[in-house]
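Please look through the structure shown here with the explanation that comes after it, which moves from two loops to a core and then to one whole chain.

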Amino acid sequence: MGQITLQQVTKNFGDVQVIPPLDLTIEDGEFTVFVGPSGCGKSTLLRLIAGLEDITSGTILIDGADATAISPAKRGLAMVFQSYALYPHMSVRKNIAFPMRMAGVDKAEQDRRIEQAATALNLTDYLDRRPGQLSGGQRQRVAIGRAIVREPAAFLFDEPLSNLDAALRVGMRLEISELHKRLETTMVYVTHDQVEAMTMADKIVVLRAGNIEQVGSPLDLYRTPRNVFVAGFIGSPKMNLIEGPEAARHDAHTIGVRPEHIDVVETDGQWQGRVGVAEHLGSDTFFHVHDTGLAEMLTVRVAGEVNLRHGDTIHLNPRADQIHRFDDKGLRIQ
Amino acid sequence: MARNVTTQRKIVNTVLAWGIGLLIFFPILWTILTSFKSEATAIADPPVFLFFDWTLDNYRVVQERSDYMRFLWNSVIIAGGSTLLGIIVAVPAAWSMAFVPSARTKDILLWMLSTKMLPAVGVLYPIYLIFIKMGLLDSRVGLTVVLMLINLPIIIWMLYTYFREIPGEILEAARMDGASLKEEILYVLTPMAVPGIASTVLLNIILAWNEAFWTLNLTAAKAAPLTAFIASYSSPEGLFYAKLSAASTMAIAPILILGWFSQKQLVRGLTFGAVK
């Protein structure tokens, strides 16, 4: 079991309120991702759940029981840190065994769980090494192993992949997703990388300045962002946001069109501009379009190769059913 | 060209370093040499450096006149005891300052250090009276406690500097892994800080071993350590340079040997954080 409920939780650091009153329920077995720009309070929120920071007011329930005043050790949660936070003076085996040693698990059971975790994480050959002798990816797997053997109610991940290089990051992302499918344990995952959020999450919580901007499945957020912030934050490349007369024509203060929802046509496009940088990825081509009179720059994503070069005139047609409309407060107009 | 300059500089630096090193070491060398001279040779003018009749007489006389082992034992107990006590008090203190600092932590650290700026003689009178009242005069317990308190600011500062280098996330990981505060300090923090704690212990033993003001003022015979042993050979009995030197050599020998074998730890300890 691992349902986590936050009720009217706030956090102040001195006079500064970093988390205004906040309600959130993380269902048992769910993979929840907290995402937002740096300083949005996502790590703080995770640390409040972990118990590493005390909440200023409110209640935290774990499986319905009040955990607000319970120490991190007794909440039954396991955490994987950005810096891995392995014990440098212990072998990999001892690192993984540490939480079980603290819990007084008997030796045979410890060995059994270590073997199991090591096999699942490809660490069998490294059990007698020190963390300093491992690569970044291996260290992260040890940190995950240390979390698994506790058989926690929920896993907390604090930007676990941001110290890895790009290729490893994709691999570890898959491993963590697979781990979640296999264990079916609640996971709470903090990241500033919206690609990680989109690919891993059952539920994404978008945060800004301690406020929850929107909660939903990745595709909910992609299809119906509740406001301009979420619209701009979710999706890569970013959604084009256009204000002014063009928006007014759609009875909105701001309209948003994703780069993949703009078609490039030969002539007579609804919009036209001049190609700035063209990024040819093979599978896709990204055009940065200037001088459209709509916004400083529009990003357009076209499947496959399109032969337009720097300085060429480009004709564009936004797909009418894919235009998001927002009012002057930035909220979505249905 | 560039390489020549480097080599030249290296030679100059080496010569300079050895020169300064020898200059600092010279008084100790001279003391050791004098301890092997007769009293007459010791005050000879011009002084003789190496070519004299080497004798062990001074050591024999010193050993006859006073019980070296008793002084040595007192020194060991007082220096070792005050260091052990100091570490027990300082580890939790440094832990709290390094990992759960409050707005006033820096002030407290500075205030503690400021107690070292006060001339010790300023508090001699009150402490002396306290010692009389509590019957601690000339007792090893009393000296151990006083030396512990005298050196505590330095121990806490050193440990604080080491602990600051340990990432807080590792301690948080221990907390998440179910370790109590005691287990966190015992199984995670202390093993990681062993090099730091070792050099702190070493330095403190040396400081306590060499401490002369309190040991001379608060002891008479029973609890007197080696500093008192040396002092007993100075002025009142006249100019016995050779015997004084022999006593000094015997007093500094243990700490010199300890320092020699722990050079690496000490240097690391004293320059910690300077290069990173």
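Glu151(A) sits in the loop between α4 (136-148) and β7 (154-158) of chain A, where helices (H or I, at least four residues) and strands (E, at least two) are DSSP runs numbered from the N terminus. Its phi is near 50 degrees, a positive value in a residue other than glycine. Glu151(A) is partly exposed, with 15 other C-beta atoms within 10 Å; 20 or more would make a residue buried and 12 or fewer exposed, with C-beta atoms placed from the backbone. This is a predicted model, in which local features need pLDDT of at least 70 and side-chain atom pairs count only at pLDDT 80 or more, while totals for chains, interfaces and linings use all residues. Residues are numbered from 1 along each chain as its sequence is written, and chains are lettered from A and ligands numbered from 1 in the order in which they are written.

Asp291(A), in the loop between β15 (284-290) and β16 (298-303) of chain A, has a positive phi of about 55 degrees although it is not a glycine.

The largest nonpolar core (buried Ala, Val, Leu, Ile, Met, Phe, Trp, Tyr and Cys residues joined through C-beta atoms within 7 Å) has 142 residues, and Ala94(B) and Leu159(B) are among those touching the most other members. Its largest share, 13 residues, comes from helix α7 (residues 140-164) of chain B.

Chain B itself has 13 helices and 0 strands, and of its 276 residues 32% count as buried.
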